[in-house]
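Please look through the sequence and the structure shown here before reading the report.

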Amino acid sequence: LGAIVRRRGDGRICALSNSHVLADYGRATIGDPVVQPAESDPAATDDDVIGSLTGFVPFEFSDTGFPNRVDAAIAELDIDHENDVREIDIAPRGVNIRPRVGMTVQKVGRTSDHSIGVIKDTDFRAVLRYPDANGAKRRVGFHDQILCSRYTAGGDSGSLVLSSSGLAVGLHFAGSPSVSVFNRITNVLEDLDVDLITD
């Protein structure tokens, strides 16, 4: 789970993560239970429901082009929570709207914990293959992404990406053996119609 956000319309408090984490790549139904740890994690039990899926941004599948810009979803929380990011023990201080090449960023992820990367490109295009409603893997093109040196591992999806000063920069969603990629946090907040809680 990346961060705590507030829906602009009704003020509901939600957890922010990726659609492929919370919404089964957009194939889930609003109201579905959300669990943490995940069912595949060794520590999982039957009592791990923390809330319910509240919203997600649908993917646009296409053979060409890059029509998508976020992999994002929110779940309304039914549990007590803190806004501090674990391990670094700070809440996001705000939002950085102008990430730049050479900027140092950090995240705390489920797999690789606290790690640091450097932005390489602020106008990156990425292509992934996600399952559609029928389970077939299809092309999903993303534009306006941030490319970084590799500082994540499988299972870190949904991590909030912060600047060295604690400003939210993005939401991690993809990577390879050599790079990591995140959505701009401004696009995530706009497309989900939420505000980042910073206190």
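The report below takes up aromatic contacts, a charge over a ring, cysteines and pockets in turn.

## Aromatic pairs

The model described here is predicted, and a search of the whole structure gives five aromatic pairs. In one of them, the ring centres of F59 and F142 lie 6.2 Å apart while the ring planes meet at 80°, so this pair counts as edge-to-face, a class that requires planes over 60 degrees apart. The two partners come from distant parts of the chain, with their positions 83 residues apart in numbering: F59 belongs to the loop between β4 (49-56) and β5 (73-77), and F142 belongs to strand β9 (residues 137-149).

Both members of this pair can be placed by their accessibility. F59 has a relative accessible area of 11% and is buried, and F142, at 0% relative accessibility, counts as buried too. Ring pairs also join F59 and F142 into a cluster with Y25, Y130 and F173.

## A charge over a ring

An arginine also makes a contact with an aromatic ring, since the charged end of R139 sits over the ring of F66, at 5.1 Å from the ring centre.

## Cysteines

A disulfide is a covalent bond between the sulfur atoms of two cysteines. In this model the count of disulfides comes to zero. C14 is buried, with a relative accessible area of 0%, and C148 likewise counts as buried at 0% relative accessibility.

## The largest pocket

The largest pocket has a volume of about 1300 Å³. Its lining is made up of 40 residues, and those that lie nearest the centre of the pocket are L1, V21, V35, Q36 and R110. Several elements contribute to this lining, with β1 (3-7), α1 (19-22), β3 (33-35) and β7 (104-109) each supplying at least two residues. By residue class, the lining of the largest pocket divides into 19 nonpolar, eleven polar and ten charged residues.

## The second largest pocket

The second largest pocket, with a volume of about 340 Å³, is lined by 26 residues, and L128, F173, A174, G175 and S176 are the ones that lie nearest its centre. F173 therefore appears in two settings, as it is also part of the aromatic cluster described above.

At least two lining residues come from each of β8 (113-131), β11 (167-175) and β12 (179-184), and β8 gives the largest share, with seven residues. The lining of the second largest pocket divides into 13 nonpolar, nine polar and four charged residues.

Technical notes:
Residues are numbered from 1 along each chain as its sequence is written. This is a predicted model: local features need pLDDT of at least 70, side-chain atom pairs count only at pLDDT 80 or more; totals for chains, interfaces and linings use all residues. Side-chain values use heavy atoms; hydrogens and water are left out. Rings of Phe, Tyr and Trp (its six-membered ring) pair if their centres lie within 6.5 Å; planes under 30 degrees apart count as stacked, over 60 as edge-to-face and the rest as tilted. Helices (H or I, at least four residues) and strands (E, at least two) are DSSP runs, numbered from the N terminus. Buried means under 20% relative accessible area, exposed over 50%, partly exposed in between (1.4 Å probe, protein chains only). A charge sits over a ring if NZ of Lys or CZ of Arg is within 6 Å of the ring centre and within 35 degrees of the ring normal. A disulfide is a pair of cysteine sulfur atoms within 2.5 Å. On a 1 Å grid over the protein atoms alone, a cavity is a set of points where a 1.4 Å probe fits but cannot get out, and a pocket is an open set with protein on both sides within 12 Å along at least five of seven lines; lining residues have an atom within 4 Å of a point. Grid points are joined across faces, edges and corners, and a volume is the space filled by probe spheres set on the points. Ala, Val, Leu, Ile, Met, Phe, Trp, Tyr, Cys and Pro count as nonpolar, Asp, Glu, Lys and Arg as charged, and the others, Gly among them, as polar.
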